[in-house]
Amino acid sequence: MILFSIIFISIAFVLYTIGVFKIKATKVLLWKHIFYFWAGFCFDTLATFIMAIISGDFILNVHSISGLFSILLMFIHSAIATIGLLKNDEYLKKNYYKFSIIVWLIWLVPCFTYIFTYLVK
């Protein structure tokens, strides 16, 4: 099962990264970016769920707190983008890439805390 969580979190990383940097390149929020955001969110949530099953319990540490915060932030980020496009908010469409980069950087924190907490010894 650990292999599936690694695959799913890797897919989440690729999708979310594509979405963030495509929006930065185009400087305008499009529906294809929304797809990348929601797909990344779904794969990240699935990977996190699998990891929770594997661990058997919730351990309160920097990794778990930053991970839960990041998933919540990804949800909010994707929801705001979706609502902004549905409302055809021109300001949001032209400036959303700035918020996306900040969210993406915060989302990377649990990745690095995992590496330094569990892999580097």
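**Close-up views of a four-helix model**

**View 1. Ser70, a buried residue in helix α3.** Ser70 counts as buried because its relative accessibility is 2%, and the cut-off for buried is under 20%. The model shown here, and in every view below, is predicted. Ser70 is found in helix α3. Which residues does Ser70 touch, once its neighbours within four places in sequence are left aside? The partners are Ile106, Trp107 and Pro110. Helix α4 covers residues 90-119, the stretch to look at when tracing these partners. For a sense of distance, pick out Val28 as well: Ser70 and Val28 lie 42 residues apart in sequence, and their C-alpha atoms are 23 Å apart in space.

**View 2. The largest nonpolar core.** This core holds 20 residues. Which of them touch the most other members? They are Tyr16, Leu29, Phe37, Tyr96 and Trp107. At least two core residues come from each of α1 (2-26), α2 (31-55), α3 (62-86) and α4 (90-119). Helix α4 makes the top contribution, giving 7 residues to this core. As background, nonpolar side chains tend to be buried together in soluble globular proteins.

**View 3. The surroundings of Tyr96.** Here we zoom in on one of the core residues that touch the most other members, Tyr96. With neighbours within four places in sequence set aside, Tyr96 is in contact with Ile23, Leu29, Phe37, His77, Ile80 and Ala81. Leu29 and Phe37 may look familiar, as both were named with Tyr96 in the previous view.

**View 4. The whole fold, for orientation.** Stepping back, the protein has 4 helices and 0 strands, and the order from the N terminus is α-α-α-α. Along the principal axes, the C-alpha atoms fill a box of roughly 45 × 20 × 20 Å. A compact globule of 121 residues would have a radius of gyration near 14 Å, so the 15 Å of this protein agrees with that expectation. Of contacts between residues at least 6 apart in sequence, 77% join residues at least 24 apart.

**View 5. Surface and charges.** How much of the protein is buried? Buried residues account for 38% of the 121 residues. The protein exposes about 7300 Å², and 79% of that area is supplied by carbon and sulfur atoms. The protein carries 9 positive and 4 negative charges, and the mean positions of the two sets are 12 Å apart.

Key:
Residues are numbered from 1 along each chain as its sequence is written. This is a predicted model: local features need pLDDT of at least 70, side-chain atom pairs count only at pLDDT 80 or more; totals for chains, interfaces and linings use all residues. Side-chain values use heavy atoms; hydrogens and water are left out. The radius of gyration is taken over C-alpha atoms; the globule rule is 2.2 Å times the number of residues to the power 0.38. Buried means under 20% relative accessible area, exposed over 50%, partly exposed in between (1.4 Å probe, protein chains only). Contact means heavy atoms within 4.5 Å. Accessible areas come from the Shrake-Rupley method with a 1.4 Å probe; for residues, only the protein chains shown count as cover. Lys and Arg count as positive and Asp and Glu as negative; His and the chain ends are not counted. The place of a charge is taken as NZ of Lys, CZ of Arg, CG of Asp or CD of Glu. A nonpolar core is a set of buried Ala, Val, Leu, Ile, Met, Phe, Trp, Tyr and Cys residues joined through side-chain atoms within 4.5 Å.
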